[in-house]
There are 2 protein chains.
Amino acid sequence: VTGDAYNQTDRTRVRRLAKRGAYDRATVHAILDEGFICHVAMVVDGSPVVLPTGYGRAGERLFIHGSAANRMLKTAAQGVEISVAVTLVDGLVLARSAFHHSINYRSVVIFGTAQLLTDPAEKNAALRVISDHIIRGRWNEVRPPSNKELAATSVIAVDLNEVSAKVRTGPPIDDEEDMAHPAWAGVLPLSIQPGEPAADLQAGEAPVIPEYVKNYRRRT
Amino acid sequence: VTGDAYNQTDRTRVRRLAKRGAYDRATVHAILDEGFICHVAMVVDGSPVVLPTGYGRAGERLFIHGSAANRMLKTAAQGVEISVAVTLVDGLVLARSAFHHSINYRSVVIFGTAQLLTDPAEKNAALRVISDHIIRGRWNEVRPPSNKELAATSVIAVDLNEVSAKVRTGPPIDDEEDMAHPAWAGVLPLSIQPGEPAADLQAGEAPVIPEYVKNYRRRT
């Protein structure tokens, strides 16, 4: 890792509304760390395919896992090119004109080559990264993966190299001549919120609910 | 439209955990109607590209819009194949073993060909569909698109034809031999919640906040 920003390439450079583009690692990392669902695209038999999945980040690498029988992971495991997007929606931007309506969001798009992890210890470490990424504290309390389970799980990595972020914040930007239009204008914030944890009682009375569940929050 | 379900194709059939697959229109429509951000994938210069964007549904068609200068829309406008995913995250599924952790979610994946709308009236109608989809009631109150704004906006449509949904609900499913493991197990529900609307005061005192903003909810 050299420098505080990713190099821009032809396909990561944000052209339209270029001021929304961000290439610094801090912005990219913060978005990746707040999200936990990504959308992975690849080319299968010449056609685009996009699927959602969980992920984790360690330094300049993103890890994605799934069943070894999963078709997407089987394809990715061949070292194909992938594109990965993580999108956080922060609010609806309600302008006075239909045209200037927008969404406040923070997104990251990654281009790279999928790398299949084959070493069981490396796979186990990557699964811990994903678990810690989604719900920190959980890994220490659960029964760890067996060798058989590790073998049934595929993990792919993609390097954070060709990456950019795009961010829109703030109020609606209306045209001057629309400012007298009588519609309410502003931002309706949206965020992902946890509800009441539902204990699984199949094994009898539930243990005390852990802090990391009770006070779950995404933003660190 | 014939029948209550989409025909399964080789790439829409959910194979692994096949019981999670759903092909009926009611399930697909409900997921598409609750979401409003999709991820669109296409092949550009032989490589996969995935980007987030808003959308709307009318019957068996999905509409996506953006600036006519937007590279993705320019590519899509050529009638290329696209894949579109809509994903709703309902909760974290915390099992007693690392291996059986999961996410409760509802997702739809569409395969199709992007169709560029060229008729201004048709474009205007599609933009209304998108607006109504994201926040019903808004379109009636705002200044409608001018001819110039319509010309600056690209709208593409994709037919709901090759489509499937995937749904996971319910508690963790642990192996019998892990049921005595002392970790708390259960589901932490997650949902997108609106915050306090922030009025834009650039034009002076704000009008009364509309009902469709004050009581915004996604599920219909």
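Colleague: How does chain A superpose on chain B?

Modeller: For copies like these, the fit is by least squares on the C-alpha atoms of residues with pLDDT of at least 70 in both. Here a rotation of 180° with 0.0 Å of shift along its axis lays chain A on chain B, at an RMSD of 0.0 Å. That is the relation of a two-fold axis. Both copies use the same surface, since 100% of the contact residues of chain A recur in chain B; contact here means heavy atoms within 4.5 Å.

Colleague: Which residue of chain A comes closest to the rotation axis?

Modeller: That's A:Ile192, with its C-alpha at 2.2 Å. A word on the ground rules: this is a predicted model, where local features need pLDDT of at least 70 and side-chain atom pairs count only at pLDDT 80 or more, while totals for chains, interfaces and linings use all residues. Residues are numbered from 1 along each chain as its sequence is written, chains are lettered from A and ligands numbered from 1 in the order in which they are written, and side-chain values use heavy atoms, with hydrogens and water left out.

Colleague: Okay, next the inside. Which residues touch the most other members of the largest nonpolar core?

Modeller: A nonpolar core is a set of buried Ala, Val, Leu, Ile, Met, Phe, Trp, Tyr and Cys residues joined through side-chain atoms within 4.5 Å. Buried means under 20% relative accessible area, exposed is over 50%, and partly exposed is in between, using a 1.4 Å probe and protein chains only. In this model the largest core has 27 residues, and A:Leu32, A:Val40, A:Ile82, A:Val84, A:Val108 and A:Ile110 touch the most other members. Elements giving two or more residues to this core include α1 (25–34), β2 (37–44), β5 (81–94) and β6 (102–113) of chain A. The largest share, 4 residues, comes from β5(A). Those labels are DSSP runs numbered from the N terminus: helices are H or I with at least four residues, strands are E with at least two.

Colleague: What is A:Val40 in contact with, leaving aside its neighbours within four places in sequence?

Modeller: Its partners include A:Val49, A:Leu51, A:Ile64, A:Met72, A:Ile82 and A:Val84.

Colleague: Now strands. Which strands pair with β5(B)?

Modeller: Two strands pair if DSSP finds at least two bridges between them. Strand β2 (residues 37–44) of chain B joins β5(B) through 3 bridges, running antiparallel, and B:His39 has B:Ala85 as its bridge partner there. With strand β6 (residues 102–113) of chain B, the pairing is antiparallel over 12 bridges, and B:Val86 stands opposite B:Val108. Strand β10 (residues 186–194) of chain B is also antiparallel to β5(B), with 4 bridges; B:Leu94 is partnered by B:Gly186. Strand β5 of chain B is mostly covered, too, with 11 of its 14 residues buried.

Colleague: How many disulfides does the structure hold?

Modeller: A disulfide is a pair of cysteine sulfur atoms within 2.5 Å. Over all chains there are 0. Take A:Cys38: the closest cysteine sulfur, in B:Cys38, is 16 Å away, so that is too far for a bond. A:Cys38 counts as buried, at 0% relative accessibility. B:Cys38 is buried as well, with a relative accessible area of 0%.

Colleague: And charges? How many salt bridges does a search of the whole structure find?

Modeller: Side chains of opposite charge can pair when their charged atoms come close. For a salt bridge, a side-chain nitrogen of Lys or Arg must be within 4 Å of a carboxyl oxygen of Asp or Glu. The search finds 30 over all chains. One of them joins A:Arg106 and A:Glu34, with the closest N and O atoms 3.0 Å apart. A:Arg106 sits in strand β6 and A:Glu34 in helix α1 of chain A, 72 residues apart, and both residues are buried.

Colleague: Where do B:Glu60 and B:Arg25 lie?

Modeller: Their side chains meet in a salt bridge at 3.3 Å, N to O. B:Glu60 lies in the loop between β3 (47–58) and β4 (61–67) of chain B and B:Arg25 in helix α1 of chain B, so the pair ties together parts 35 residues apart in sequence. B:Glu60 counts as buried at 16% relative accessibility, and B:Arg25 is buried at 13%.

Colleague: Which residues are linked in a network of salt bridges?

Modeller: A:Arg143, A:Glu149, B:Asp175 and B:Asp178 are linked that way.
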